[in-house]
Amino acid sequence: MRRLLLFAIFGLAALVGCDTAALETESQVVVEAYLEAGEPMDSVRLTRTARASAEYTPERTAVQGADVQVQRLNDSGGVAATVPYTETDSTDGLYIPETPATVKSQATYRLQATPPEGPVVTAETTVPAPVEAVRTQNDTTTYPDPDDENSDPPQFELTVRPGPSALERQNVYVLTSRSLLELQSIPASPPDSVAGRLLTPFYLEQYDADSDTLASFRVNSSGLLNEANFTSNDDGTVSITLPWLAVAFYGPNQIRASVVDDNLYDFLRTQSAQQMSLAPGEIPNVDEDIENGTGIFGSFAEASGNVLIRPPNLTGDDVPLRP
């Protein structure tokens, strides 16, 4: 479930609402699944599209009783290994591997899902090469003082060594920051309270204690960032400077740099174009790679580092600085 939650912020539900396929009378199977290089295979979620006028929730539209498997392909396109999946008892439409299996970098995987009704849904992804975290700088730093235009504290920097790209393009990254504070234990409260002061200025302006929870601000991700946006070093590494706008919470944060495959690249690129469109007639479809369905079956490789962000003008009772 960890990766489903990570990439859910990119709005898979928006794909279902904006893609013209979702307006068809016949519903389609919606796939949501991600593979991370070097990590155990994660879950697969299957739902169905809803009518444009209906509320879309995974619980109400879950596809149950499907036969699901993920195949690792060999160089000639044949099946080298198969991992069968089984539906969980706790969540309808959520399938997990029957046996543990590790995702191999630079391998091609095929998802095959056979619902009780309808055609077999298939998709393929080629996993990016692994990314290694080499070093970090400014692991403890102070957020800029919004009342001091000359405030320029050092920014956190994560240096990574990306593997060779097998794609016909440079590596493309997504940066994700995640607060490590125990936010669930902090009750919702007005912005002038201790809980409100956990948030950095930009996010504090967005926070509404009546409708928001602090946990809903925990994870923030960038859009697609080309490798050319970062500093390339002579030793083949890439240094990534964390923008202050990516930090929602003071205290400990985990910063992840993820290299994405073609499927995630196409999905996020075209979704961004949807969000920039102004008129309904100008909204393009999301570019997806699902046969007999819709959604996303993508893969990525990532490296991470931790940073401690102190508030400006810190006093002893301002903010908990430990997880």
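**Cores, ring pairs and salt bridges in a predicted model**

At 5% relative accessibility, Tyr-207 counts as buried, because the cut-off for a buried residue is under 20% relative accessible area. The model it belongs to is predicted. Tyr-207 is a useful starting point, since it appears in both a nonpolar core and a cluster of rings.

The overall layout comes next. The protein chain has 18 strands and four helices. Buried residues make up 47% of its 323 residues. Among contacts in the chain with a separation of 6 or more, 71% are between residues 24 or more positions apart. The accessible surface comes to about 15,900 Å², and carbon and sulfur atoms account for 47% of that surface.

The largest nonpolar core has 47 residues, and the members that touch the most others are Val-31, Met-41, Leu-46, Val-68, Tyr-109 and Phe-297. Strand E18, which covers residues 294-310, gives the most to this core, with five residues. What does Phe-297 touch, leaving aside residues up to four places away in sequence? Its contacts include the nonpolar residues Val-31, Ala-33, Leu-35, Tyr-109, Leu-111, Ala-123 and Ile-290, and also Arg-110, Glu-124, Thr-125, Asp-261 and Asn-263. Apart from the largest core lies another, of ten residues, with Leu-183, Leu-198, Tyr-207 and Ala-248 among them.

Aromatic rings form six pairs in the whole structure. In one of them, the rings of Tyr-143 and Tyr-250 have their centres 5.7 Å apart and their planes at 85 degrees, so the pair is edge-to-face; the angle required for that label is over 60 degrees. Tyr-143 lies in the loop between strands E9 (140-142) and E10 (157-162), and Tyr-250 in the loop between strands E15 (238-241) and E16 (251-260), so the pair ties together parts 107 residues apart in sequence. Both Tyr-143 and Tyr-250 are buried.

Tyr-207 pairs with Phe-217: the ring centres are 6.1 Å apart and the planes stand at 70 degrees, so this pair is also edge-to-face. Both residues lie in the loop between helix H3 (201-206) and strand E12 (219-221), so the parts that the pair ties together are ten residues apart in sequence. Phe-217 counts as buried, at 10% relative accessibility. Ring pairs link Tyr-207 and Phe-217 with Phe-202 and Tyr-203 into a cluster.

Charged side chains supply another set of links, with four salt bridges in the structure. One joins the side chains of Arg-110 and Glu-124 (3.3 Å, N to O). Arg-110 lies in strand E6 (residues 108-114) and Glu-124 in strand E7 (residues 121-126), so the bridge ties together parts that are 14 residues apart in sequence. Glu-124 is partly exposed, with a relative accessible area of 38%. Both partners of this bridge are among the residues that Phe-297 touches.

A further salt bridge joins the side chains of Glu-302 and Arg-256 (3.5 Å, N to O). Glu-302 belongs to strand E18 and Arg-256 to strand E16, so this pair ties together parts that are 46 residues apart in sequence. Are these two charged residues buried or exposed? Both Glu-302 and Arg-256 are buried.

The side chains of Asp-266 and Arg-269 also meet in a salt bridge (3.0 Å, N to O). The two residues are three apart in helix H4 (residues 262-276), so about one helical turn separates them. Asp-266 is buried, with a relative accessible area of 16%, whereas Arg-269 is partly exposed at 35%.

Notes: Residues numbered from 1 in each chain as written. Predicted model: local features only at pLDDT ≥ 70, side-chain atom pairs only at ≥ 80, totals over all residues. Heavy atoms only, no water. Buried < 20%, exposed > 50% of the residue type's maximum accessible area, 1.4 Å probe, protein only. Contact = heavy atoms within 4.5 Å. Areas by Shrake-Rupley, 256 points an atom, 1.4 Å probe, with all protein chains shown as cover. Core = buried A, V, L, I, M, F, W, Y, C linked by side-chain atoms within 4.5 Å. Phe/Tyr/Trp six-rings, centres within 6.5 Å; stacked < 30°, edge-to-face > 60°.
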